[in-house]
Amino acid sequence: MPANGDALTLDDLIGMQLNADIVVMSACRTGQGKANGGDDMLGLTRGLLAAGAQSAVVSLRQVDAIATSLMMANVDRGLRAGKSAAIALQDAQNALRMMHIDDVRQAQSVLLKGALASRPATNPQQRGQTETVDNSAPPDPGADPDLPYAHPYFWAPFLLVGNWF
């Protein structure tokens, strides 16, 4: 199993025995696979299910880091509250869509402080610096500036595969 930030591959999953109700892959394009010449697509999703995961939350395209962090925290809360994977994901997507700009700013601040505190600076000049996060979605002339994550760009990349009960 990869560690220390190494990429997880299909080869890593071959022969692995997972005993997991759900695996959440909250990175870009984790649900994309490659055609194998038949009817199947081979990729992490197929590997996770073959290794024993009952279900997986994966993304089909690029994702926004902050929006994904906020949404996955809500997925986790829903699962811990006993919701099904499908309902936990749907509720988290809806919560992100309806998140007011003031709540977004507060959550971003908490996320960035936590990320900076857990990651050592590579040189002394970087200590204490914050990162700039670009939350720009494709242009949406009717967008509500008070609901910055309402656009599907932020909440729609993720889907649930496998057992969704």
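Partly exposed describes a residue whose relative accessible area falls between the 20% under which a residue is buried and the 50% over which it is exposed. Lys83, with a relative accessible area of 36%, is therefore partly exposed. The structure discussed here is a predicted model, and this residue is taken up again below with its salt-bridge partner.

The overall architecture comes first. The chain contains six helices and five strands. Followed along the sequence, these elements are arranged in the pattern α-β-β-β-α-β-α-α-α-α-β. Of the 165 residues in the chain, 28% are buried. The accessible surface of the chain amounts to about 10300 Å², and carbon and sulfur atoms account for 52% of it. Among contacts between residues at least 6 apart in sequence, 73% join residues at least 24 apart.

The interior may be considered next. In soluble globular proteins, nonpolar side chains tend to be buried together. In this model, the largest nonpolar core comprises 20 residues, and those with the most contacts inside it are Leu70, Met71, Leu89, Leu96, Tyr149 and Phe158. Two or more residues of this core come from each of α3, α4 (85-97), α5, α6 (152-155) and β5 (158-162). Helix α3 provides the largest share, six residues. A second, separate core has 11 residues, including Met16, Ala20, Val23 and Leu48.

Two residues illustrate the surroundings of the interior. When residues up to four places away in sequence are not counted, Met71 touches Leu89, Ala92, Gln93, Leu96, Trp155 and Phe158. Thr68 lies in helix α3. The relative accessibility of Thr68 is 4%, which is under 20%, so this residue counts as buried. With residues up to four places away in sequence again left out, Thr68 touches Ser26, Val63 and Phe158. Phe158 is thus a contact of Met71 and also a contact of Thr68.

Attention now turns to the charged side chains. How many salt bridges does a search of the whole structure find? The search finds three. One of them joins the side chains of Arg80 and Asp76, with an N to O distance of 2.9 Å. Both residues belong to helix α3 (residues 65-80), where Arg80 and Asp76 are four residues apart, about one turn of the helix. Arg80 has a relative accessible area of 69%, which is over 50%, and is therefore exposed. Asp76, by contrast, is partly exposed, with a relative accessible area of 35%.

Lys83, introduced at the outset, forms a salt bridge with Asp91, and the closest N and O atoms of this pair are 2.7 Å apart. Like Lys83, which has a relative accessible area of 36%, Asp91 is partly exposed, with a value of 30%.

A further salt bridge is made by the side chains of Arg105 and Asp102, at 3.9 Å from N to O. Because a salt bridge requires the nitrogen to be within 4 Å of the carboxyl oxygen, this pair meets the criterion. Arg105 and Asp102 both lie in helix α5 (residues 101-118), three residues apart, about one turn of the helix. Arg105 counts as exposed at 52% relative accessibility, whereas Asp102 counts as partly exposed at 47%. Helix α5 therefore holds this salt bridge and also gives two or more residues to the 20-residue core.

Technical notes. Residues numbered from 1 in each chain as written. Predicted model: local features only at pLDDT ≥ 70, side-chain atom pairs only at ≥ 80, totals over all residues. Heavy atoms only, no water. Buried < 20%, exposed > 50% of the residue type's maximum accessible area, 1.4 Å probe, protein only. Core = buried A, V, L, I, M, F, W, Y, C linked by side-chain atoms within 4.5 Å. Contact = heavy atoms within 4.5 Å. Areas by Shrake-Rupley, 256 points an atom, 1.4 Å probe, with all protein chains shown as cover.
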